[in-house]
Amino acid sequence: MAGRGQMPMMQPQVIVLKEGTDTSQGVPQLLSNISACQAICDTIRTTLGPRGMDKLIVDSQGRVTISNDGATIMKLLDVVQPAARTLVDIARAQDAEVGDGTTSVVLLAGELLKEVKDYVDEGVSSQIIIKGFRRAADLAINHIKEIAVDTDRSDKAKFRDLLEKCAATSMNSKLIGSQKEFFTKMVVDAVMRLDQDELNEDMIGIKKIPGGAMQDSILVDGVAFKKSFSYAGFEQQPKSFDLPKIICLNVELELKAEKDNAEVRVDKVSEYQAIVDAEWKIIFDKLDSIVATGAKVVLSRLPIGDLATQYFADRNIFCAGRVSKDDLDRVCEATGCRVQSTTTDLTAKHLGVCERFEECQIGGQRFNVFKGCPEAKTCTIILRGGAEQFIDEVERSLHDSIMVVRRAVKNQTVVAGGGAIEMEISRYLRETARKIEGKQQLIITAVAKALEVIPRQLCENAGFDTTDFITQLRARHAQDPEKYKWYGVDIEEEKVADLFKKFVWEPALVKTNAIASAIEAACLILSVDETVTSQKSQDPMAAGQPMPGRGRGMPMGGR
């Protein structure tokens, strides 16, 4: 028996994952993830810079968006590849944190992965590449902090000029680039009216009114919001006041509100009349207590019915119901009043005041405008323009500029844009890499080469000779780093020039955040070597199959 050949025992197959689960692992999976990220980068590559193109995106519901804002495009793209969605996340994070540089951060992450793709294919460990990336990030960010120029806030005129330059640089690549002189003043004025300690961008309201030209846009030093729904009697109310007292409520001033409906059983008609009288007494008590405060403008988040509207009109008081929470909060910030959830015990400290309140016509809509607010830490930008998509893109452009100016106020260091800072960091990393031994030298050199994607893409989008411009920039930065450190691509004059002297300035935080986010995203993608995708559950409704059950219209089994 011992000498006989025995059949080898079959090893039982161990099934850990559910049938239909897709698993991909190893180097092929890593290369697939890198290729997916490059495909995303190719989509938004052409939107970079002052000569960048716009993208027209139609979503599943048929809504059309025209934009060249990186974060907006990434948000609207329905990216399903799990690794590529990391790029969507860093674009959103850059937009939320800094406001500008969203396209740059995605391009930079994609280019970093492209530069190390060959190393991955040749078997270099991902951990070695990640270590090199993080070392390069530290070197780059420290170098930016060393060469960034501090701004002087003691001279207010010079500081305002610097903020306008930063705002103009962020507008260069936007739809409003042709009107940047008009909008830069508006953006800087808006930010300087905020509380300089908090700089809460939510206190800048942006309202859009189709019609007119871009130059018809105005900045209201205070609060403005669209006239809300109104009942009969509203037109009899006065529409303007000087030094009015203002009260903001979260109270419903309406008879027989649905949520208060109840069933009441009565035996006599007099009892029914007593209930009706009590209901009327309740609302009149509320109205009397509001009038007793001396308020001339009454705002409420909840409806103000026709009875209350006529009551206020008879007493020369203006009222508006269904005011949005954002608008009501900004009115409170500007006028000093506080939102009250009851009309009992109202005192003067609960009221606000402003120099002038009026309802005015702007375009085809009526707006309630509060001007000369004593507590004014807020303002409103009213945008005009031809098409709705156009105004939406102007709003996105202004949001980016507002965020950049906020950051310039908070972090008082600036660098030159136009690819100048990227070329300077690239030169610095190449020189530093020569002093480093081993594979880390290759990785840091790859990061230095990847940083050149920004000036290269600026040249490509403007139609310049990319090779010629990049060669000139490399030569200038290597020739005399101190003298030529701010040399970049001058789009207006089609040459290599000192962009700091040309006032193409950006907050240093935009660049440090972009480099840190891009390298973190690249490290995250390189650290994934296996993707497990569970099979989607079968949805009977999605497949057009009836749901099992015994509902109406479904035959019962066995009959």
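In strand β14, F367 is the bridge partner of K226. This comes from a predicted model, so please read each value below as computed from it.

The bridge belongs to a wider pairing: β7 and β14, which spans residues 365-371, run antiparallel to each other and are joined by five bridges. Strand β7 itself takes in residues 222-226, and four of its five residues are buried, leaving the strand mostly covered. If you are tracing side chains here, it helps to recall that in a regular strand they alternate between the two faces of the sheet.

Next, the aromatic rings. The structure contains 14 aromatic pairs. One aromatic cluster is made up of F225, F234, F241, F318, F357 and F370. F234, one of its members, also has the charge of K239 over its ring face. A second charge of this kind, from R315, lies over Y311. Here are the two side by side:

| Charged residue | Ring | Distance from ring centre |
|---|---|---|
| K239 | F234 | 4.6 Å |
| R315 | Y311 | 3.6 Å |

Finally, have a look at R407, in helix α11, which covers residues 388-410. Is R407 buried or exposed? R407 counts as buried because its relative accessibility is 13%, and the cut-off for buried is under 20%. What does its side chain reach? The R407 side chain comes to 2.9 Å from the backbone oxygen of E97. E97 also appears among the contacts of R407 beyond four places in sequence, together with V98 and L509.

Conventions. Residues are numbered from 1 along each chain as its sequence is written. This is a predicted model: local features need pLDDT of at least 70, side-chain atom pairs count only at pLDDT 80 or more; totals for chains, interfaces and linings use all residues. Side-chain values use heavy atoms; hydrogens and water are left out. Rings of Phe, Tyr and Trp (its six-membered ring) pair if their centres lie within 6.5 Å; planes under 30 degrees apart count as stacked, over 60 as edge-to-face and the rest as tilted. A charge sits over a ring if NZ of Lys or CZ of Arg is within 6 Å of the ring centre and within 35 degrees of the ring normal. Helices (H or I, at least four residues) and strands (E, at least two) are DSSP runs, numbered from the N terminus. Buried means under 20% relative accessible area, exposed over 50%, partly exposed in between (1.4 Å probe, protein chains only). A polar contact is a pair of N or O atoms within 3.5 Å; within protein, one must be able to donate a hydrogen and the other to accept it, and residues adjacent in sequence count only if both atoms are side-chain atoms. Contact means heavy atoms within 4.5 Å. Two strands pair if DSSP finds at least two bridges between them.
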